[in-house]
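Please look over the sequence and the model shown below, and then follow this report through its loops, its sheet and its pockets.

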Amino acid sequence: MKKITKATYLKWYEDMLFWRKFEDKLAQVYIQQKVRGFLHLYNGQEAILAGALHAMDTDKDRMITAYRNHVQPIGLGVDPKRVMAELYGKGTGTSQGLGGSMHIFSKEHRFYGGHGIVGGQIPLGAGLAFADKYFKRDAVTLTFMGDGATRQGSLHETLTMAVNWNLPVVFCVENNGYAMGTSVARTSRSTDIYKLGNGYEMPCAPVDAMDPEKVAEALDEAISRARKGEGPTFLELKTYRYRGHSMSDAQHYRTKDEVAEYQKIDPITKVRNILLEKNYATEEDIKDIDKQIKEKVKECEKFAEESAFPEKSVMYDVVYEQEDYPFLPHKL
């Protein structure tokens, strides 16, 4: 694994804090109805992405996830201004404003979405890995899903094929405990989701996903296995989200005290404390970073606010059209 250094911890702090503040701003403008539709925020789960990026080779590896998908493309190199513009539905967005919150996408940066169908991305992630193996590309696909998606049949069908074909894919369950709003304990007799891998003779393990270093270590091992041609791994990344499933979630299924307990092990606070304890940064350094991040978020908001909405014609430019389609009259 790449060495974890002072520079690593500084990057983790800056990245995770920016992702948190970026989405805090999204929550604010959502209430102002500047962002419409659904909005699923990543607050509390940032250590997963920070650790994953450290373990990946971002020049060739791929990532695919569900609809809690705003900060992953930013981590992979997509301009955050364009991500915010996409959520605003503006023409300068990553998909010209046509994708919105749940469908951020960037082929250039190897981020393949952003999928609104629960579990819909799982077979697609294995498909990306199949293509890499078929074309003999030295790449690994990280396929992320929530704990709720592990109840979908598509997962089990995909695990069967992935292990039979020895695909270079890592299945990452972001277990934040509640899926949409029902605890894991109420949906399964076994609360150890990672054990699903045993049924497919697939290497599997739980990971403390409130710590980016532990995530990096687990994913480095899994990615290395896949890159060596040893097949897939199934990891349960145990995390927690501080906000509801979406902005419309009243969160009646948990108490404020429970959320407060998990905030005591906030990954951003944990990394901040390490920076100070190891003398990697001073309090003044931390304040400077915080100030820079606030300005960066303001720039993203300004860009999104001032960007124009796409022309209506754009909707028709991205719809498949075949003029001589059989069985349909040419003139309606």
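## Loops and backbone

Gly114 is found in the loop that lies between helix H4 (80-88) and H5, and in this predicted model the peptide bond that leads from Gly113 to Gly114 is cis, with an omega near 20°. A second backbone feature belongs to Gln33, which is a residue other than glycine and yet has a positive phi, near 65°. Gln33 sits in the loop between helix H1 (6-31) and helix H2 (46-55). As background to both features, most residues other than glycine have a negative phi, and most peptide bonds are trans.

## The sheet

Five strands come together in an open sheet, with parallel pairing and the order S1-S2-S3-S5-S4. Because strand S1 (62-64) and strand S4 (204-208) stand at the edges and have a single partner strand each, one side of each is left without a neighbour in the sheet. On average, and with direction ignored, neighbouring strands of this sheet are turned by 20° against each other.

Helix H5 (residues 121-134) packs on the sheet, where it touches S1, strand S2 (141-146) and strand S3 (169-175), and the direction of H5 makes about 175° with that of S2.

## The edge at S4 and S5

At one edge of the sheet, S4 is joined by five bridges to strand S5 (residues 233-238), and S4 and S5 run parallel. One of the residue pairs can be named here, since Asp208 has Lys238 in S5 as its bridge partner. S4 and S5 also belong, together with helix H8 (residues 212-227), to a β-α-β unit that is right-handed.

## The largest pocket

The largest pocket has a volume of about 360 Å³. Its lining is made of 24 residues, and those closest to its centre are Tyr67, Gly146, Asp147, Gly148 and Ala179. Two elements, S2 and helix H7 (184-187), give two or more residues to this lining, and S2 gives the most, with three residues. Sorted by class, the lining of the largest pocket holds nine nonpolar, eleven polar and four charged residues.

## The second largest pocket

For the second largest pocket, the volume is about 250 Å³. Its lining has 15 residues, and Asn175, Gly177, Lys238, Thr239 and Tyr262 are the ones that lie nearest its centre. Lys238, the bridge partner of Asp208, is thus also among the residues nearest the centre of the second largest pocket. H7 and S5 each supply at least two residues to this lining, and H7 likewise gives two or more residues to the lining of the largest pocket. By class, the lining of the second largest pocket divides into six nonpolar, six polar and three charged residues.

Technical notes: Residues numbered from 1 in each chain as written. Predicted model: local features only at pLDDT ≥ 70, side-chain atom pairs only at ≥ 80, totals over all residues. Heavy atoms only, no water. Pairing = 2+ DSSP bridges. Helix = DSSP H or I, 4+ residues; strand = E, 2+ residues; numbered from the N terminus. Axes fitted to C-alpha atoms, helices over the stretch in contact; angles between N-to-C directions. Contact = heavy atoms within 4.5 Å. 1 Å grid on protein atoms, 1.4 Å probe; cavity = no way out; pocket = protein on both sides within 12 Å on 5 of 7 lines; lining within 4 Å. Points joined across faces, edges and corners; volume = space filled by probe spheres on them. Nonpolar A, V, L, I, M, F, W, Y, C, P; charged D, E, K, R; others polar. Right-handed = clockwise from strand over helix to strand, strands pointing away.
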